[in-house]
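Subject: A structure for you to look at

Hello,

Here is the structure I promised to pass on. Please open it first, and then read my notes below alongside it.

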Amino acid sequence: MHLASSVDPQLADLSNKLIYSAMAVYLIAMFAYMFEWTFGAKGAVAVRSTEQAGLAGTVAAAEARAKGAKKVTVTVASAGGGTTTLTRTALAGEGATVVTGGRGDEEVDGPGAAGTSEKADLSGRIAVSLTVLGLLLHVGGVLTRGLSVSRWPWGNMYEFSCAFALAMVLAFVGLLLAKKPVRWLGLPVTLAVVLTLGIATEVLYTESEQLVPALHSYWLAIHVSTAIICGGAFYAGFVTALLYLGKDSFDKRMAAGLAKGPLGTSPSIWRRLPAASTLDKLSYRINALVFPLWTFTIIAGAIWAEAAWGKYWEWDPKETWSFITWVAYACYLHARATAGWKGRKAAYLALGAFACWLFNYYGVNIFVTGKHSYAGL
């Protein structure tokens, strides 16, 4: 496959400026999302949630006394991350017990980062607009990087990092365009993108140049692009799994009568997030959806390896850790479908699987020498 040997310095310089501009816009968007969370804490929902809970308890107690109830016991049981409320009422003079069960208020999704605050909602809308602006600049930076050398723009760690960050933003914006209520993901997404681009520009940066002969293949577009998409989706699954663990811990603390959330955080933060079961399902669906694509990524890499080196598999460090990552996510998906491993145990496996993916990228590329040593460092 013939590739142009020259480099267009003007396009390469434009790419750098666009990436830096995108970083600046993402950073402003991140602060806007932070303001949304801050203003939302002062919204009516943050105040009413406690007031309504107290009012509901008062009304329930009054009704129970009116009916001559001797005892009311509420038991909250968490099995596999879910929260079930069972109410048992012993009626006076009859010795009978009335049992009602089902999902209580703990399973209701929160209103989002803005709560009911108009100021917070405006801040969130501004943040989304800035995210889209940053996305457009980001796309321009990646495209001009590739055009400067007439090839696909993910031939080294700097270019892959820029594309990986782009995939994270595209996944987030795609969910918003699909009318999914996931604006609460804006803060962790923009934070991760700013950090990823910061590391890329300050630590991993290499000048725009042609690739080694082994990478002169159409498989670069297929194999690496699918790995980039998987990385962005795996990050979304990681964030939702992490938030699920926090939300589940918060529900347990509230059931135990504690006033603070995990690590001393404000209860208002966790009340505005989706229910623990919603976060658990979202994390599972994201990882289950992208797992076949990661499988294809490994298979495509093996086919490319045979074309470039004459063997499909040689247990190169990158191949080995790609397989370890595949096994980790396979274990998570299997555990998530197994009754005894649902909930927190499966979520921990999801975090471990993403840690394998991160090490496969940063650790193997920087610290381990192998046939995939194309970091450009």
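A residue counts as buried here when its relative accessible area is under 20%. By that cut-off, 46% of the 377 residues in the chain are buried. Please keep in mind that this is a predicted model.

**The overall layout**

The chain holds ten helices and three strands. Reading from the N terminus, the order is α-α-β-β-β-α-α-α-α-α-α-α-α, so you will meet the three strands after two helices, and helices follow from there on. Among the contacts in the chain with a separation of 6 or more, 76% are between residues 24 or more positions apart.

**Helix 6 and helix 8**

A good place to begin is this pair. Two packed helices are described by the angle between their axes and the distance between the axes. Helix 6 covers residues 219-255 and helix 8 covers residues 276-309. Their axes come within 8 Å and cross at roughly 155°. Angles over 145 degrees count as roughly antiparallel, and therefore helix 6 is roughly antiparallel to helix 8. The crossing of these two helices is left-handed. As for the residues that form the contact of helix 6 with helix 8, 24 are nonpolar, eight are polar and four are charged.

Two residues let you see this pairing from either side. Gly237 lies in helix 6. Is Gly237 buried or exposed? Its relative accessibility is 0%, so Gly237 counts as buried. Setting aside residues up to four places away in sequence, Gly237 touches Ser283, Ile286 and Asn287. Its C-alpha atom is 9.4 Å from that of Asp280, although the two residues are 43 apart along the chain.

From the other side, look at Val290, which sits in helix 8. Val290 has a relative accessible area of 6%, and so it is buried. Beyond its neighbours within four places in sequence, Val290 is in contact with Cys230, Ala233 and Phe234. Between Val290 and Gly237 the C-alpha distance is 9.6 Å, with 53 residues separating them in sequence.

Helix 8 also holds Glu306. With a relative accessible area of 31%, Glu306 is partly exposed. Glu306 touches Lys311 and Tyr312, again not counting residues up to four places away in sequence.

**Helix 4 and helix 6**

Helix 6 has another partner worth a look. How do the axes of helix 4 and helix 6 cross, and at what angle? They come within 8 Å and cross at roughly 50°, which makes helix 4 oblique to helix 6. This crossing is right-handed.

On the helix 4 side, the residues that meet helix 6 are Phe160, Ala163, Phe164, Ala167 and Met168. The helix 6 side brings Val224, Ala227, Ile228, Ile229, Gly231, Gly232 and Tyr235. An α-helix has 3.6 residues a turn, so residues three or four places apart point the same way. You may like to keep that in mind while you trace the two lists on the model. Sorted by class, the contact of helix 4 with helix 6 has ten nonpolar residues, two polar ones and no charged ones.

**Helix 9**

Helix 9 spans residues 317-336, which is 20 residues. From its first C-alpha to its last it reaches 28 Å, close to the 28 Å expected at 1.5 Å a residue. Which residues of helix 9 are buried? They are Lys318, Glu319, Ser322, Thr325, Ala328, Tyr329, Tyr332, Leu333, Ala335 and Arg336. The cover over these buried residues includes helix 6, helix 8 and helix 10 (344-367).

**Two loop residues to check**

Finally, here are two spots in the loops. Ser150 is in the loop between helix 3 (118-147) and helix 4 (157-177). Ser150 has a positive phi of about 55° although it is not a glycine. Its relative accessible area of 44% makes Ser150 partly exposed.

Lys179 belongs to the loop between helix 4 and helix 5 (186-202). Here too phi is positive, near 65°, in a residue other than glycine. Lys179 counts as exposed, because its relative accessibility is 74%.

I hope these notes help you find your way around.

Best wishes

How values were computed
Residues numbered from 1 in each chain as written. Predicted model: local features only at pLDDT ≥ 70, side-chain atom pairs only at ≥ 80, totals over all residues. Heavy atoms only, no water. Axes fitted to C-alpha atoms, helices over the stretch in contact; angles between N-to-C directions. Helix = DSSP H or I, 4+ residues; strand = E, 2+ residues; numbered from the N terminus. Parallel < 35°, antiparallel > 145°, perpendicular 65-115°, else oblique. Left-handed = near helix turned anticlockwise from the far one by under 90°. Nonpolar A, V, L, I, M, F, W, Y, C, P; charged D, E, K, R; others polar. Expected span 1.5 Å × (residues − 1). Buried < 20%, exposed > 50% of the residue type's maximum accessible area, 1.4 Å probe, protein only. Contact = heavy atoms within 4.5 Å.
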